[in-house]
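I am opening a notebook on a structure that is new to me. I want to look up how the chain is divided, what sits inside it, and which charged side chains pair.

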Amino acid sequence: MRVLGIETSCDETGVAIYEARRGLLAHRLYSQAAQHAEFGGVVPELASRDHLKRLAVLVNLALEDANLKKTDLSGIACTAGPGLIGALLAGLVFSGGLARALGVPLIGVHHMEAHLLAPLLEGDSPEFPYLALLVSGGHSLLVDVRGYGDYAVLGESLDDAAGEAFDKGAKLLGLGYPGGPEIARLAEKGEPGRFSLPVPMRGRKELNFSFSGLKTALLYMVRDLTAESALTGDDRASLALALETAIVESLVDRSTRALDATGYGSLVVAGGVGANRRLRLQLKDVCGNTGVSVYYPRVEFCTDNGAMIALTGCLRLAGGAPGPAAPDARPRWNINEVTPFSPA
Ligand code: KG4
Ligand code: ZN
């Protein structure tokens, strides 16, 4: 069984081929980040058009990499949601046409389920049940993973997602898009303790996140600092460090609370913010002290990619749960609405 995976939910065009027996055979990614950078965020219409422009080229390259022909594929998996409606439709229309032409099934994949299963790409994933911290540009979720497709959301963001907090903070500091890697890079040069921002939701019993207050706190801090003179490079670096510290500490606090509540001994961290080094180090540290094992996909499979979609599609196909033959684009789609399955 060999599945072509297609990811177009936001601003990355990801294409990959996953084989049940041999694992990942090829993966190609085109990031539109540079095109959106001048607007300080993703422009949906630009994103959809660009996906359509790149998909055929990337698919051909991936097939070449894997030394395969289109007719060697046994299924096409495509992100059906959540995401930007136009971007999702671009992927689904392309994938639907290809699947129909080849006479193979089209599997509509839930983007966050794919993030959650991404550690399997490393051949390294915990036994069920486990806890997953899914942190991306659009979502912050703590998920009780009871089995394949059997997910219960324990906590989510009440406002901005963790990645959004990085992106908006970066914008405030005059940095580029996407903001997470920019903040992380600059924070390396920051002076610890020079500025301090409140850690959102710290110590709260419920397992939700909230990041919009943090953004406002940073805004006020910048406003006070710039009342007299413009920010220096050192100011910016220390502000980036304060922001990164507050976001990471909030994520660590919420995750450890969820681990306590569930009693689970394994934590999977995925989604774009999962690429953050400070988050990885701190979780490793805290979990190491409590005997909890932490699993991450490699950094390139934390952010959006086609490999996680091909993998999820392959597992769903093997488990006899490919979903509807013509999946709809679902811009808003809760992860607990997917169907459970058991891959053969
Ligand atoms: O999962 P992803 O690639 O796309 C979505 O599904 O949203 O996540 C993108 C988010 C962006 O907000 C980006 O700023 C953030 O992940 N991100 C990071 C890092 N790399 C990407 N945030 C913090 N540190 C990073 N190293
Ligand atoms: Zn994502």
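The entries below follow the order in which I looked things up.

**Ground rules.** I noted first that this is a predicted model, in which local features need pLDDT of at least 70 and side-chain atom pairs count only at pLDDT 80 or more, while totals for chains, interfaces and linings use all residues. Residues are numbered from 1 along each chain as its sequence is written, chains are lettered from A and ligands numbered from 1 in the order in which they are written, and side-chain values use heavy atoms, with hydrogens and water left out.

**Domains.** I looked up the division of the chain and found domain 1 (2-117 + 301-337) and domain 2 (127-296), with bounds that come from an automatic or database domain assignment. Taken over C-alpha atoms, the centres of domain 1 and domain 2 are 27 Å apart.

How many residues of domain 1 are in contact with domain 2? I found 21 residues of domain 1 in contact with 22 residues of domain 2, where contact means heavy atoms within 4.5 Å. The two domains bury about 1700 Å² between them, 71% of it on carbon and sulfur atoms; buried area here is the accessible area (1.4 Å probe) that two parts lose on being put together, summed over both. On the side of domain 1, M112, L116 and C302 supply 38% of the area buried against domain 2, more than any other three residues. I also looked for salt bridges between domain 1 and domain 2, and the count is zero.

**Nonpolar cores.** In soluble globular proteins, nonpolar side chains tend to be buried together, and I wanted to see where that happens here. I used a nonpolar core as a set of buried Ala, Val, Leu, Ile, Met, Phe, Trp, Tyr and Cys residues joined through side-chain atoms within 4.5 Å, with buried meaning under 20% relative accessible area, exposed over 50%, and partly exposed in between (1.4 Å probe, protein chains only). The largest core has 59 residues, and those with the most contacts inside it are L4, L116 and L134. Helix α10 gives the most to this core, with eight residues, and the core draws at least three residues from each of domain 1 and domain 2.

I followed L116 further: leaving aside neighbours within four places in sequence, its contacts are Y130, A132, L134, V143, V145, Y151, V268 and I335. Apart from the largest core lies another, of 44 residues, including V135, L197, A246 and C287.

**Zinc site.** Which protein residues are donors of the zinc ion (ligand 2)? I found H111 (NE2), H115 (NE2) and D304 (OD), lying 2.0 to 2.1 Å from the ion; donors are N, O and S atoms within 2.8 Å of the metal (3.2 Å for Na, K and Ca), and water is not among the atoms, so sites may look incomplete. H111 lies in helix α4 and D304 in the loop between β10 (293-295) and α10, so this pair ties together parts that are 193 residues apart in sequence. H111 is buried at 5% relative accessible area, and D304 is buried as well, at 14%.

**Salt bridges.** I counted a salt bridge where a side-chain nitrogen of Lys or Arg is within 4 Å of a carboxyl oxygen of Asp or Glu, and the structure holds 23 of them. E19 pairs with R2, with the closest N and O atoms 2.7 Å apart. E19 lies in strand β2 (residues 12-19) and R2 in strand β1 (residues 2-7), so the pair ties together parts that are 17 residues apart in sequence; helices (H or I, at least four residues) and strands (E, at least two) are DSSP runs, numbered from the N terminus. E19 is buried, at 3%, whereas R2 is partly exposed, at 21%. I noted too that R2, E19, R21 and R22 are linked in a network of salt bridges.

My next entry is the salt bridge of E113 with R316, at 2.9 Å between the closest N and O atoms. E113 is in helix α4 (residues 111-117) and R316 in helix α10 (residues 307-318), 203 residues apart, and both are buried.
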